[in-house]
Amino acid sequence: AVAAYVVSPNGAERLSPLRMTLRIGRRVTDAGVSLSQPARQTTGKALVAGRSGDATTVSFDIGDDVTWLRFLVE
């Protein structure tokens with residue numbers, strides 16, 4: 001699992017979600033990458049943008065709340 005968190009420069013105002021692209025240095029299984037934001041009680045899936053022989057690139061929205069990514073690698 002990987003946790004991703006972005007802190008906005010203005011703590012009084014929520015950060016609009018930003019699209020993040022992450023390259024994972026292993027090939028993720030066909031199950032994909034699940035997302036969880038516990039503070040908002042939301043779940044979902046990251047978009048698998050590409051796979052190469054030894055890496056996987058995923059895209060997802062990130063904001064002021066911790067986003068957990070869970071995945072299995074081959």
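What share of the 74 residues in the chain is buried? Buried residues come to 28% of them. Keep in mind for every view below that this is a predicted model.

**View 1. The whole chain is built from strands, with 7 of them and 0 helices.** Reading from the N terminus, the elements go β-β-β-β-β-β-β. Along the principal axes, the C-alpha atoms fill a box of roughly 45 × 20 × 15 Å. About 4,900 Å² of the chain is exposed, and 52% of that comes from carbon and sulfur atoms. Among contacts with a separation of 6 or more, 74% link residues 24 or more positions apart.

**View 2. Three strands make an open antiparallel sheet, in the order S2-S6-S5.** Strand S2 (18–24) and strand S5 (47–51) sit at the edges with a single partner strand each, so one side of each has no neighbour in the sheet. On average, and ignoring direction, neighbouring strands here are turned by 25 degrees against each other.

**View 3. Zooming in on the S2 and S6 pair, we find 7 bridges joining the two antiparallel strands.** One to pick out is Ile24, whose bridge partner in S6 is Thr56.

**View 4. The largest nonpolar core gathers 9 residues.** They are Ile24, Val28, Val33, Leu35, Ala46, Val58, Phe60, Ile62 and Leu69. Strand S6 (residues 56–62) gives the largest share of this core, with 3 residues. In soluble globular proteins, nonpolar side chains tend to be buried together.

**View 5. Ala46, a member of that core, shown with its contacts.** Setting aside neighbours within four places in sequence, Ala46 touches Val33, Leu35, Val58, Ser59 and Phe60.

How values were computed: Residues are numbered from 1 along each chain as its sequence is written. This is a predicted model: local features need pLDDT of at least 70, side-chain atom pairs count only at pLDDT 80 or more; totals for chains, interfaces and linings use all residues. Side-chain values use heavy atoms; hydrogens and water are left out. A nonpolar core is a set of buried Ala, Val, Leu, Ile, Met, Phe, Trp, Tyr and Cys residues joined through side-chain atoms within 4.5 Å. Buried means under 20% relative accessible area, exposed over 50%, partly exposed in between (1.4 Å probe, protein chains only). Helices (H or I, at least four residues) and strands (E, at least two) are DSSP runs, numbered from the N terminus. Contact means heavy atoms within 4.5 Å. Two strands pair if DSSP finds at least two bridges between them. Axes are lines fitted to C-alpha atoms, for helices over the stretch in contact, and angles run from 0 to 180 degrees between N-to-C directions. Accessible areas come from the Shrake-Rupley method with a 1.4 Å probe; for residues, only the protein chains shown count as cover.
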